[in-house]
Amino acid sequence: MVHKTNEVINFRKKGDETNMKITISLGDLSDEANMKITISLDDLSDEAIKELAQRTDTPAELLKILANENEWTIRKAVAYNINAPLEVLTKLATDNDWEVRKAVAYNEKTPSELLSILAQDKNWWVRYAIAINGNTPSKTLKTLANDEKEEVRKAANKALNECKTNTKVNKER
């Protein structure tokens, strides 16, 4: 019998820390040749974990865990991931590192309500990312069109002009 297996994620507690193992079952194998590979996140380099966070086929449960990593570049990779769950994007929108917040602002799946909140960020790169995100509401764009930073103002005005001239009506804006 030939079957296709999916990846499975196993969690186990080790003291107060979560020791997570990723089990990947190789697909399209016969029952006799079924093979599993188990890898602990502790065994992976930050670069390998970042690559895992960037993959669009990384399960939401794993993205939730990776959003708590100490390394900001990993959290940033999670924030850019279009499959990051809303709760993860919401959490990362308040991250201490502005590059992580900027990644949330760039993410096309970030809801307009969260973009409106992020538009008040103290870092202009975050506000700039909001201005160029196609899901940003026109009300927020109008506010950003008066931003103190010229780059943000220009991006917001460009987005507003595109909304006006676009023949397809964007109901979100």
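Arg-101 has its place in helix H5, which covers residues 98-106. In this predicted model, Arg-101 counts as buried because its relative accessible area is 7%, under the 20% cut-off. Where does the side chain of Arg-101 reach? It goes to the backbone oxygen of Asp-95, at 2.8 Å. Leaving out residues up to four places away in sequence, Arg-101 touches a mixed set of residues: Leu-92, Ala-93, Thr-94, Asp-95, Asn-96, Leu-118, Asp-121, Lys-122, Asn-123 and Val-126.

Two of those names, Leu-92 and Leu-118, lead us on to the nonpolar core. The largest such core has 37 residues, and the members touching the most others are Leu-66, Val-78, Leu-92, Val-104, Leu-118, Ile-130 and Leu-144. Which helix gives the most to this core? Helix H9, residues 150-165, does so with 5 residues. As background, nonpolar side chains tend to be buried together in soluble globular proteins. For a closer look, try Val-78: setting aside its neighbours within four places in sequence, Val-78 is in contact with Ala-53, Leu-63, Leu-66, Ala-67, Ala-84, Val-88 and Leu-92.

Now let us turn to the aromatic rings. Searching the whole structure gives 4 aromatic pairs. One of them joins Trp-125 and Tyr-128 in an edge-to-face arrangement, with 6.0 Å centre to centre and 80° between the planes; the planes are over 60 degrees apart, so the pair earns that label. Both residues belong to helix H7 (residues 124-132), where they are 3 residues apart, about one turn of the helix. Are these two rings buried or exposed? Trp-125 is partly exposed, at a relative accessible area of 34%, and Tyr-128 is partly exposed too, at 24%. Together with Trp-124, they form one aromatic cluster.

Lysines join the picture here. Lys-102 places its charged end over the ring of Trp-125, 5.6 Å from the ring centre. The ring of Trp-124 has the charged end of Lys-149 over it, at 4.8 Å from the centre.

Finally, a word on confidence. For the protein chain the mean pLDDT is 81, with 72% of residues reaching 70 or more. Residues 1-19 stay under 50 in pLDDT, and the model has 45 contacts for them beyond four places in sequence. Another such stretch is residues 167-173, where pLDDT is below 50 and the model shows 12 contacts beyond near neighbours in sequence.

Technical notes: Residues numbered from 1 in each chain as written. Heavy atoms only, no water. Phe/Tyr/Trp six-rings, centres within 6.5 Å; stacked < 30°, edge-to-face > 60°. Helix = DSSP H or I, 4+ residues; strand = E, 2+ residues; numbered from the N terminus. Buried < 20%, exposed > 50% of the residue type's maximum accessible area, 1.4 Å probe, protein only. Lys NZ or Arg CZ within 6 Å of the ring centre and 35° of its normal. pLDDT = per-residue confidence, 0-100. Contact = heavy atoms within 4.5 Å. Core = buried A, V, L, I, M, F, W, Y, C linked by side-chain atoms within 4.5 Å. Polar contact = N/O pair within 3.5 Å; in protein donor to acceptor, adjacent residues only side chain to side chain.
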